[in-house]
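This report considers strand pairing, backbone angles and nonpolar cores in the structure shown below.

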Amino acid sequence: MDELFVICRTVEIDDAQAHGFVLMKAEESGEATPWPIIVTRKGNNFYGFENSCPHEGLRLDKDPGAFMDEEGNFLECGRHHAQFDIDTGECFIGPCQGAHLTPIKLVIDDGDVCVTGVMLADE
Ligand code: FES
């Protein structure tokens, strides 16, 4: 089984909300590179995406932590306003309509939200 890396507690993310994290990914070269991700919650399900807009590869949050529209219905890129479903990561309107945010494998383990399937660098 792949190693689990704890990101946060499930209770730290409210329903229909998103939180951003910057993890450090261990590259094959041995270098550690920043890896910004977004974790969203819909009911009791959690979804993870790389924080990188498929349109121009920029972070969605032009202002730190601002990933969502004001009503909390969808993720939104702060630059050119592409809008993404919080569970599928599909862009349903905007310059990259039909494209998807890159998903991240999450596992819920004893109340923790964990990322798996990647190697993170030791901090
Ligand atoms: S960079 Fe996100 S919509 Fe253009």
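A16 is found in the loop between β1 (4–9) and β2, where strands (E, at least two residues) and helices (H or I, at least four) are DSSP runs numbered from the N terminus. The model is a predicted one, in which local features need pLDDT of at least 70 and side-chain atom pairs count only at pLDDT 80 or more, while totals for chains, interfaces and linings use all residues. Residues are numbered from 1 along each chain as its sequence is written, and side-chain values use heavy atoms, with hydrogens and water left out.

Most residues other than glycine have a negative phi. A16 and D110 each have a positive value, and the table sets them side by side, with exposure graded by relative accessible area (buried under 20%, exposed over 50%, partly exposed in between; 1.4 Å probe, protein chains only).

| Residue | Phi | Loop | Relative accessibility |
|---|---|---|---|
| A16 | near 60° | between β1 (4–9) and β2 | 26%, partly exposed |
| D110 | near 55° | between β9 (106–109) and β10 (112–116) | 68%, exposed |

Strand β2 (residues 18–26) runs antiparallel to strand β3 (residues 32–42), and nine bridges join the two; strands count as paired if DSSP finds at least two bridges between them. Within this pair L23 stands opposite W35 in β3. The two strands form a hairpin with five residues between them, and G30 in the turn has a positive phi of about 95°.

An open sheet of three strands has the order β5-β6-β7, with antiparallel pairing. Its edge strands, β5 (75–76) and β7 (91–93), each pair on one side only. Strand β6 (residues 83–84) is joined to β7 by two bridges, and F84 stands opposite C91 in β7.

The largest nonpolar core, a set of buried Ala, Val, Leu, Ile, Met, Phe, Trp, Tyr and Cys residues joined through side-chain atoms within 4.5 Å, has 16 residues, and those with the most contacts inside it are I7, W35, I37, V39, L106 and V115. The elements giving two or more residues to this core are β1, β2, β3 and β10. A second, separate core of 15 residues includes I38, L75, C77 and I86. Leaving aside neighbours within four places in sequence, V115 is in contact (heavy atoms within 4.5 Å) with residues including I7, L23, W35 and L106.

The UniProt record, in an unreviewed entry, places the feature "domain: Rieske" at residues 36–115; such annotations may be inferred rather than shown by experiment. Over residues 36–115 the chain is 0% helix and 38% strand, with the end C-alpha atoms 12 Å apart.
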